[in-house]
Amino acid sequence: MGYIRLDVPISDPSFGKLFPCTCRMEEIAQRRDESLRSLNNLQAVERFTFETFNPESAGMSPERQRTLRRAYDVALAYAKEPEGWLVLVGGYGCGKTHLAAAIANRALVQGIVPLFVTVPDLLDHLRSTYAPGSPQPYSSRFDQVRNTPLLILDDLGTENATPWALEKLFQLLNHRYTARLATVLTTNQELEHIDARLRSRLVDPDLVEIVTILAPDHRMVGVDERFASSLDMLPYYADMTFSTFDDRKRELEKAEAHSLATAIQIAKTYADTPDGWFILTGTYGVGKTHLAAAIANERLRQGHQALLVVVPDLLDYLRAAFSPQSSLSLGKRFEEVRRAPLLVLDDLGTESATPWAREKLFQLINYRYVARLPTIITTATELKDLDPKISIRFMDTSRCVVHEIKATAYLGGAATPRRRGSRASRSRS
């Protein structure tokens with residue numbers, strides 16, 4: 001019949017149980033592999049191999065190029081010897097799925113049958129076993145998934161996070177974590193936004209290697225990154241550099257000149273090593289935008305990436321995602337901004353303060369605050385008059401430098417010495 005009972009004492013856990021004999025093991029393994037193939041999405045990604053992946057994409061900053069090359073090297077090494085967990089993190093279209101599929105396709109060549117599936121599809125497969133006509137019971141399918149030799153889960157975080165879905169994902173990942181089974185996951189979510197129980201397994205350095213890819217959407221390859229976003233105003237501010245900034249020493253009162261000189265010094269230091277946040281406040285026309293753009297242009301000159309957006313334009317850009325003609329989803333547009341290696345938010349406080357606008361700005365600012373991403377903000381609004389959820393982040397002196405430029409607006413023209421006590425001086429102070 002192909003099954004045997006082991007000759008063991010009655011106290012043995014295996015007593016009385018049926019086990020397949022060796023003649024049946026090959027047949028069982030073949031059925032298991034066929035069942036895995038029915039769940040697999042591999043046919044749709046068979047073209048995604050290491051040979052078809054280009055880790056030297058043109059048009060990227062050196063910093064982004066390094067992250068793409070490292071992801072490729074780590075994935076290739078993992079494919080040769082799948083052990084432990086590999087987590088690929090990055091925005092839409094950066095190459096995560098390609099690399100994960102390449103690992104799966106390489107495993108097939110090496111005689112390993114992997115399970116490659118997107119998380120939403122996996123949950124649908126599990127739910128389908130509850131149907132009356134299901135050819136496979138839930139327990140059998142779930143056991144098959146959690147014990148597969150190599151599991152590759154694509155798009156973790158895109159599933160509908162119902163309590164049932166989170167419970168099944170935790171059971172699955174917890175089992176594989178405990179058994180230390182080879183697992184690859186991709187996600188466009190920051191790990192701090194993933195369910196805490198799942199996250200605790202994903203950040204164990206003894207088992208898991210996390211690789212973050214900063215590359216842009218591959219569909220934009222060949223396009224100058226400075227012009228990839230219709231939002232980015234930096235190309236229009238290319239002439240705003242430190243060398244073109246007027247310190248107005250001969251025009252301003254001593255205290256005003258000192259305030260402006262301090263702002264220049266802070267900006268230059270920040271441009272060399274962007275760490276934390278730099279918030280520039282002051283009335284219109286004192287040079288806030290010029291200094292912010294000068295920092296961003298200096299970073300570009302050094303080979304880094306920067307994005308400068310005007311806050312009202314940003315909100316219009318996000319709203320445009322709701323148009324039926326939009327080719328970019330709201331999520332994709334939002335990710336483009338919040339993940340920028342260096343982000344300049346110009347003119348905060350001038351936007352229409354609708355509940356939706358306040359929510360989006362808070363999500364953006366809070367994300368960059370938690371992730372400690374370098375951010376420059378200019379505003380002519382007093383901090384106390386901004387949304388309290390936002391202004392409270394600016395008060396964190398361990399992360400933010402706030403400097404008010406206490407000077408009169410620059411009106412253009414030749415610098416003219418000012419006489420202390422003159423009518424002009426009194427009217428502009």
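A network of salt bridges links E56, R69 and D73. The model in which this network appears is a predicted one, so a word on confidence comes further down. Within the network, the side chains of E56 and R69 pair up with an N to O distance of 2.4 Å. E56 sits in the loop between α1 (22–39) and α2 (62–80), while R69 belongs to helix α2, so this pair ties together parts that are 13 residues apart in sequence. Neither partner is hidden away: E56 is partly exposed at a relative accessible area of 44%, and R69 is partly exposed too, at 28%.

The count of salt bridges comes to 16, and two other pairs are worth a look. E167 and K168 meet through their side chains at 4.0 Å, N to O. That value sits right on the cut-off, since a salt bridge asks for a nitrogen within 4 Å of a carboxyl oxygen. The two partners also fall into separate burial classes: E167 is partly exposed, with 34% relative accessibility, whereas K168 is buried at 9%. Then there is the bridge between E251 and R248, whose closest N and O atoms are 3.2 Å apart. Here both E251 and R248 are buried.

Turning to packing, helix α10 covers residues 311–319, and its buried residues are V311, L314, L315, Y317 and L318. Seen down the axis of α10, these buried residues fall within an arc of 155°, so they line one face of the helix. The spacing fits the usual helix geometry: an α-helix has 3.6 residues a turn, so residues three or four places apart point the same way. As for what this face meets, the buried residues of α10 pack against two strands, β9 (307–310) and β10 (343–346), and also against α11 (330–338) and α12 (355–371).

Now for confidence. The protein has a mean pLDDT of 82, and 81% of its residues reach 70 or more. Some stretches do not get there. Over residues 219–229 the pLDDT stays under 50, and for this segment the model has 22 contacts beyond four places in sequence. Residues 413–429 likewise stay under 50, with 25 such contacts in the model. Contacts are thus present in both segments, but they come with pLDDT under 50 throughout.

How values were computed
Residues numbered from 1 in each chain as written. Predicted model: local features only at pLDDT ≥ 70, side-chain atom pairs only at ≥ 80, totals over all residues. Heavy atoms only, no water. Helix = DSSP H or I, 4+ residues; strand = E, 2+ residues; numbered from the N terminus. Buried < 20%, exposed > 50% of the residue type's maximum accessible area, 1.4 Å probe, protein only. Arc of directions from axis to C-beta. Contact = heavy atoms within 4.5 Å. pLDDT = per-residue confidence, 0-100.
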